[in-house]
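Thank you all for coming. I would like to walk you through one structure this morning, a few regions at a time, and I will put it on the screen before I say anything about it.

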Amino acid sequence: MTLDLEVVPCLDDNYAYIIHDTTSGAAAVIDVPEAQPVLDRLSARGWSASLVFLTHHHADHVQGLATLLQHHPAQVAGNAADAGRLPPLDIALHEGDTLSVGAGGETGQVLDVSGHTIGHLALYFPDSALAFTADSLMALGCGRVFEGTMPQMWASLQKLAALPPDTLICSGHEYTQSNARFALSVDGDNPELQKRAETVFAMREAGQPTVPSRLSEELATNPFLRAADPALQASLGMSRADPAQVFAEIRRRKDAF
């Protein structure tokens with residue numbers, strides 16, 4: 001791995017991330033829910049942020065940016081198509097673009113994972129097996145479909161599910177405990193889920209973060225990625241249904257849970 005990863009709790013249940021490229025010495029921040037925790041972590045590590053990547057326009061992912069930039073005059077990168085709702089961008093991105101952490105540093109791949117919002121981006125670093133997914137794919141869950149459609153969100157999750165299983169999924173919120181309770185309500189006979197839920201409950205009881213998580217864990221236990229699984233379909237009374245329709249039903253149940 002060429003990237004050092006710092007997970008930074010923010011607000012009540014958000015996460016920002018800092019990545020430091022050991023080759024170039026540069027650091028980048030992914031989302032800024034609030035500035036002070038990010039500034040404190042950068043200072044503790046002796047890093048200077050030269051890049052900020054914004055996943056989507058929601059305030060709890062961007063509202064700390066202005067203060068951060070007062071201390072670290074970084075370039076800001078985000079979705080070109082959503083520039084009207086994001087803070088001013090220095091780097092306007094499209095799906096398929098790449099983004100490097102410093103000159104000669106590791107290069108990440110930009111993915112459009114719209115659904116939670118239109119224009120939500122993820123950033124995937126294959127060499128370090130890191131994916132910053134914010135409110136698209138989450139630990140044992142996915143974001144609410146606020147702006148996109150259910151088929152769109154399902155397609156976005158399928159993009160992320162196709163990444164190598166050892167990829168570390170760096171999502172945007174500490175929602176895993178409530179996600180686990182819901183997952184058990186629709187996939188309770190899944191032994192891998194039962195085991196993971198016990199671990200999640202114990203970690204939260206101890207005040208420990210449950211993110212990031214491995215994609216392999218999500219593929220085995222996250223109901224939003226398992227809409228094609230016959231056992232889960234059967235538990236929903238939707239055997240042999242289109243997985244996109246099954247996903248939509250799971251999301252509707254979670255919204256009402």
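When I speak of residues touching, or of a contact, I mean heavy atoms within 4.5 Å. Please also keep in mind that what you see is a predicted model.

With that in hand, let me begin with helix α8, which covers residues 230–235 and contains Q233. The relative accessibility of Q233 is 5%, so this residue counts as buried. Leaving aside residues up to four places away in sequence, Q233 touches A227, A228, M238, S239, R240, A241, P243 and V246. S235 lies in α8 too, but with a relative accessible area of 45% S235 is partly exposed. If you look across from S235 to G188, you will find that their C-alpha atoms are 9.0 Å apart in space, although 47 residues separate the two in sequence.

From there I would like to move to N190, which sits in the loop between α5 (176–187) and α6 (191–205). N190 has a relative accessible area of 7%, and is therefore buried. Its side chain makes a polar contact of 3.0 Å with the side chain of D187, and, again not counting residues up to four places away in sequence, N190 touches A220, T221 and R226.

Next comes helix α4, residues 150–161, where a simple check on the geometry is possible. At 1.5 Å a residue, the 12 residues of α4 should span 16 Å, and because the C-alpha atoms at its ends are 16 Å apart, the model agrees with that expectation. Which residues of α4 are buried? They are M150, M153, W154, S156, L157, L160 and A161. These buried residues cover an arc of only 160° around the axis, which means that they lie on the same side of α4. At the start of α4, a side-chain oxygen of T149 comes to within 3.1 Å of the backbone nitrogen of Q152.

Let me turn now to the strands. Strand β1 (residues 3–10) and strand β2 (residues 14–21) run antiparallel and are joined by 8 bridges, and within this pairing V8 has A16 of β2 as its bridge partner. The hairpin that β1 and β2 form has 3 residues between the strands, and there L11 takes a positive phi near 50°.

Elsewhere there is an open sheet of 6 strands, with mixed pairing, in the order β7-β8-β9-β10-β13-β14. Its edge strands, each of which pairs on one side only, are β7 (98–100) and β14 (213–214). Strand β13, residues 168–171, runs antiparallel to β14 and is joined to it by 2 bridges; in one of the pairs, I169 has S213 of β14 as its bridge partner.

I will finish with the cysteines. How many disulfides does the structure hold? The number is 0. C10 is in no disulfide, and the nearest cysteine sulfur, that of C170, is 14 Å away; at 2% relative accessibility, C10 counts as buried. For C142, the closest cysteine sulfur is likewise in C170, but at 18 Å it is too far for a bond. C142 has a relative accessible area of 7%, and so C142 is buried.

I am happy to go back to any of these regions on the screen.

Note on methods:
Residues are numbered from 1 along each chain as its sequence is written. This is a predicted model: local features need pLDDT of at least 70, side-chain atom pairs count only at pLDDT 80 or more; totals for chains, interfaces and linings use all residues. Side-chain values use heavy atoms; hydrogens and water are left out. Two strands pair if DSSP finds at least two bridges between them. Helices (H or I, at least four residues) and strands (E, at least two) are DSSP runs, numbered from the N terminus. The expected span of a helix is 1.5 Å times one less than its number of residues. Buried means under 20% relative accessible area, exposed over 50%, partly exposed in between (1.4 Å probe, protein chains only). The arc is that of the directions from the helix axis to the C-beta atoms. A polar contact is a pair of N or O atoms within 3.5 Å; within protein, one must be able to donate a hydrogen and the other to accept it, and residues adjacent in sequence count only if both atoms are side-chain atoms. A disulfide is a pair of cysteine sulfur atoms within 2.5 Å.
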